[in-house]
Amino acid sequence: MSHQIAIRVPDDLLAFVDDLVQQGSITSRASFARAAMERERRRLLAEADIDILTMDPPNDDLNSITRAVSGTPLDIV
């Protein structure tokens, strides 16, 4: 399911996005907004992962998982 939303952006940002559409770099304003939101979501999730991995004291559950899988060979085809 998708929803339509309205956002306000500064003129210079809108001009930037419109130039990308005109050049064919992106298909639409909406596709740019979706990609930017998805990228931000991935960035925030990565930051949360970093926080977990750098906990002080370390998370022993993660250390045991790391030890368990570190010796697993990877089949690279």
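Rings of Phe, Tyr and Trp count as an aromatic pair if their centres lie within 6.5 Å, and planes over 60 degrees apart make such a pair edge-to-face. With that term in hand, the tour can begin, on the understanding that what is open in the viewer is a predicted model.

**The whole chain**

Start by showing the chain as a cartoon, where the secondary structure comes to three helices and zero strands, and where the elements, followed from the N terminus, run α-α-α. Then colour by confidence: the pLDDT of the chain averages 87, and 90% of the residues score at least 70. Among the elements, helix α1 has the highest mean pLDDT, 98, while helix α3, residues 60-70, has the lowest, 73. Where pLDDT is low, the predicted coordinates should not be read in detail.

**The surface**

Switch next to a surface view, in which the chain exposes about 7,200 Å², with carbon and sulfur atoms supplying 58% of that area. How many of the 77 residues, as a percentage, count as buried? The share is 5% of the chain.

**The aromatic pair**

Now select phenylalanine 16 and phenylalanine 32 and show their side chains, since the structure holds one aromatic pair. These two rings, phenylalanine 16 and phenylalanine 32, meet edge-to-face, with 6.2 Å from centre to centre and 80° between the planes. Phenylalanine 16 lies in helix α1 and phenylalanine 32 in helix α2, so the pair ties together parts that are 16 residues apart in sequence. With the surface still visible, phenylalanine 16 can be seen to be partly exposed, at a relative accessible area of 45%, and phenylalanine 32 is also partly exposed, at 23%.

**The largest pocket**

For the last stop, turn to the largest pocket, which holds about 600 Å³ of space. To find it, select Ile7, Arg29, Ala30, Ala33 and Met37, which are the closest to its centre of the 18 residues that line the pocket. Which elements give two or more residues to the lining? They are α1, residues 11-23, and α2, residues 29-53. Highlighting helix α2 is a useful next step, as the largest share of the lining, seven residues, comes from α2. Finally, colour the lining of the largest pocket by residue class, and it divides into 13 nonpolar residues, three polar and two charged.

Methods
Residues numbered from 1 in each chain as written. Heavy atoms only, no water. 1 Å grid on protein atoms, 1.4 Å probe; cavity = no way out; pocket = protein on both sides within 12 Å on 5 of 7 lines; lining within 4 Å. Points joined across faces, edges and corners; volume = space filled by probe spheres on them. Helix = DSSP H or I, 4+ residues; strand = E, 2+ residues; numbered from the N terminus. Nonpolar A, V, L, I, M, F, W, Y, C, P; charged D, E, K, R; others polar. Buried < 20%, exposed > 50% of the residue type's maximum accessible area, 1.4 Å probe, protein only. Areas by Shrake-Rupley, 256 points an atom, 1.4 Å probe, with all protein chains shown as cover. pLDDT = per-residue confidence, 0-100. Phe/Tyr/Trp six-rings, centres within 6.5 Å; stacked < 30°, edge-to-face > 60°.
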